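Q: I am new to this structure and would like a close look at one part of it. Could you walk me through the stretch around one helix and its neighbouring loop, and then show me how that fits into the whole?

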Amino acid sequence: MKQYHVTGMSCAACSARVEKAVKGVAGVTECSVSLLTNSMIVEGTASEDAVIAAVTAAGYGAASKENKSVDRQDPQENGQMHLLRSRLISSLVFLIGLMYLSMGPMLWNLPLPAFLEGNIAAQGLMQLLLTVAIMVINGKFFISGSRSLLHRAPNMDTLVALGASAAFLYSVVLLFAVTDPVHSMNSEHVHFYFDSAGMILTLITVGKLLEERSKGKTTDALRSLMDLAPKTAVVLRNGKETEIQAAQVRKGDIFLVRPGASIPADGIVLEGQSAVDESALTGESIPIDKEKGDSVSAATLNCSGFLKCEAVRVGEDTSISRIIELVREASATKAPIARIADKAAGIFVPCVIGIALLTFLIWLVVGAQFSDALSRSISVLVISCPCALGLATPVAIMVGSGKGAGNGILFKTAASLEHCGKITIAALDKTGTITEGKPQVVGIYPSDHVTEQELLSAAYALEQHSEHPLARAITSYAVEKGLEAQEVTDFTAITGSGVSAILGNDTLLGGSRKFMEKQASIPDCVLTDAHRLAEEGYTPLFFSRNNEFLGMIAVADTMKNESTQAIRELHNMGIRTVMLTGDNERTANAIGNLAGVDEVIAGVLPDEKESVIRRLKTEGKVLMVGDGINDAPALTSADVGIAIGAGTDIAVDAADVILVKSRLTDVPAAIRLSRAVLRNIKQNLFWAFAYNIVGIPLAAGVWIPIFGWEMNPMFCAAAMSLSSFCVVSNALRLNLCDIHRSDKDKTIKKLRNKEKKMMTKTLNIEGMMCPHCEATVKKALEAIEGVESAEVSHKDGTAKVSLNLQIDDAVLKKAVEDKDFTVKGIQ
């Protein structure tokens, strides 16, 4: 994918022309042109020179965005605002004189200079000179309009140039007629249209200035991110502190950050402690404590202490640079809903020119004066606004992407921003998404005559050499409690059962209930507690010393604090929630019930998640949230893939949306933002189409015979100028949207299991011995079309199958027996 900066575009017809020209280049597979950012994204094997040549042949300019100086341009920084402001001021100076001559005496009885009083020819000549000055000042309209007309791709500038030229040339003809001594006209009935030409050009310039100013505001979020990057950095070179440009920091450099300074690169803290304000990246206002070994990010602010860090990612590889690039790319791509406007923009200007010509001819045919027919055709030309159509979608996408980035939600494309608001099913990976992803000690249950510290100390000594995640949970907890590990010998890991070691003269054992029951006598009350904990999704670990039971420690992958709230908010939005996990069904159901999800799919192997997503997609638009390498295929397969920012790089690369703060509550926030952007786009498109549908007939004089309504070309120019401004201003309202506010969520129509007419069958199965057997049978049954879900228990020897289609018993039986199990009956 390559990005280009495109120059010379003024409206949606221009962007449509450029896009069509580039798509015709051999090797180009996809092209997206953004009028808002004057940028273009091209995918395929076509060479850079071929793409630029195609744009140039279409009448525009292009340059690769590999030149970062080009990439950083925006309407206010590249002088465009200054140029428009100068043009407007100069135009207004001459327009005031023009309007004084043409309207002053007639409307306000203002006196004219003596040499002009009663001399129509002199008045016309003065108006001509003033109008020519305005036309020269705004010559860009005529240059761009004529160039696009020569390339058979007329744009908005063509409409403005035609309208102003028609008014000017007609007035010139009248002026020569007035001064012709042979065929002199009655000067009392002469009315020049120089004022219309001058006013049209000036008002369109006003509109362009307002539009550029508003478009500049849509990129405020992006520019504020760019402004956060520090300009200088203090690095250690040859043992001395040296201040250099931040862009000159290289990977491996040691840099120093004092209180109040911004961090110049992503790095690792080598020395020091401090609180770092990461709100620029995550939107989190509370500073995060950093110490040796912690990571820091570029453009974050060191609030208190002194930090010595090693640079690990610099320049374009830093987190802030990647965020900026993602926002840019999302703004440059097109949402599917924009296709409506693109199709209209491609034929809009030729149609308007045709309507203007038709208006002129019809009014002449019905007997109107030439000047009236011309005035109405000019009105049609100048009231039509392809800009509003072209800006309707990209301005909302730009503001929405910036709003998301400011809240730690990064949309990679405009399509993902649109699709996110349409999802009906949210599939959530359990580990690391709903839960913390790392087991923690949740309870200590010592035996009689054994203290908690004694039990924890023995467990710490035993588990310190184990690499098992559950063992690390115990050792971390012991360190937090300030315990010191005692050295053990003869450490042995018994696969699938437990561990053993010698501490002094004592033999320590630890492991599962099944393993411990063979080593020591476990009290019934402890077994009861263990069963209850297992039902709640916890993992009980048992410990003994010299075959004497010491106690039990409960470990669990605890739920994130915000998981329940996030799932509740998804429910309130009408979204069905499904939890995917490789855990056994009992543990999975315990976590699922605690989280409040609608459905739990347990025993899902890593390579099976993608097939589950494909099945869910037959029921609605699916969003997948995950964080691990094994989630990448499912994230890619889902309609929208959301990666937890703290997850693996592979998951982040596969996702459409990235949650920088790794908070599940940002999922409903992303959906709210997407829905708000979609509403805004629809409002903008409605306004753009409605404006032209209502305005063009009014300008053409369609309503004159019925209501007497007609519109002067000058008022048409003013209306055209305001149309784009209104569209952009409406998009800016998205900045006021509170995406974390849930009380106004609207429920969309959804399809839940309990709302469907379901059939249930129970299969009695022999031969299942373990959870793996359960997973095998479950997978076989759920692969059958029409099987909604299957709940399998090897203990009960049953499989309860929910069906949404009528399926013959023989089909169900064959699926199970093909896996070498025996079906004894189906009820």
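A: Here is a walk from helix 28 and the loop before it out to the rest of the protein.

Please keep in mind that this is a predicted model. Let's start with helix 28, which covers residues 713–732, and the loop that links helix 27 (704–707) to it. Tryptophan 709 sits in that loop. Its relative accessible area is 48%, so tryptophan 709 counts as partly exposed. Tryptophan 709 also belongs to a nonpolar patch on the surface, together with Val702, Trp703, Ile706 and Phe707. The accessible area of these residues together is about 530 Å².

Now step into helix 28 itself, where you will find valine 727. With a relative accessible area of 1%, valine 727 is buried, whereas tryptophan 709 is partly exposed. What surrounds valine 727? If we set aside neighbours within four places in sequence, valine 727 is in contact with Ala388, Leu391, Ala392, Val395, Asn684 and Trp687. Another residue to look for is alanine 396: its C-alpha is 9.2 Å from that of valine 727, although 331 residues separate the two in sequence. Across the protein, 69% of the contacts with a separation of 6 or more are between residues 24 or more positions apart.

From here we can turn to the interior. In soluble globular proteins, nonpolar side chains tend to be buried together. The largest nonpolar core of this model has 138 residues, and Val18, Val22, Met40, Ile434, Leu623, Val667 and Ile671 are those with the most contacts inside it. Helix 26, residues 666–700, gives the most to this core, with 15 residues. Isoleucine 671 touches Cys420, Gly421, Ile423, Leu570, Met573, Ile575 and Leu623, leaving out residues up to four places away in sequence. Another core, of 25 residues, lies apart from the largest one, and includes Ala459, Leu462, Leu483 and Leu541.

Loops can hold buried residues too, as threonine 581 shows. Threonine 581 is found in the loop between strand 22 (576–580) and helix 22 (585–595). Threonine 581 has a relative accessible area of 2%, so it is buried. Beyond residues up to four places away in sequence, threonine 581 touches Lys430, Ala588, Ile601, Ala602, Gly603 and Val604.

Finally, the whole picture: the protein has 30 helices and 30 strands. Of its 827 residues, 54% are buried. The protein exposes about 37,300 Å², and 55% of that comes from carbon and sulfur atoms.

Notes: Residues numbered from 1 in each chain as written. Predicted model: local features only at pLDDT ≥ 70, side-chain atom pairs only at ≥ 80, totals over all residues. Heavy atoms only, no water. Patch = residues over 30% accessible without salt bridge, like charges linked within 9 Å, V, L, I, M, F, W, Y side chains within 5 Å. Areas by Shrake-Rupley, 256 points an atom, 1.4 Å probe, with all protein chains shown as cover. Salt bridge = Lys/Arg side-chain N within 4 Å of Asp/Glu carboxyl O. Helix = DSSP H or I, 4+ residues; strand = E, 2+ residues; numbered from the N terminus. Buried < 20%, exposed > 50% of the residue type's maximum accessible area, 1.4 Å probe, protein only. Contact = heavy atoms within 4.5 Å. Core = buried A, V, L, I, M, F, W, Y, C linked by side-chain atoms within 4.5 Å.
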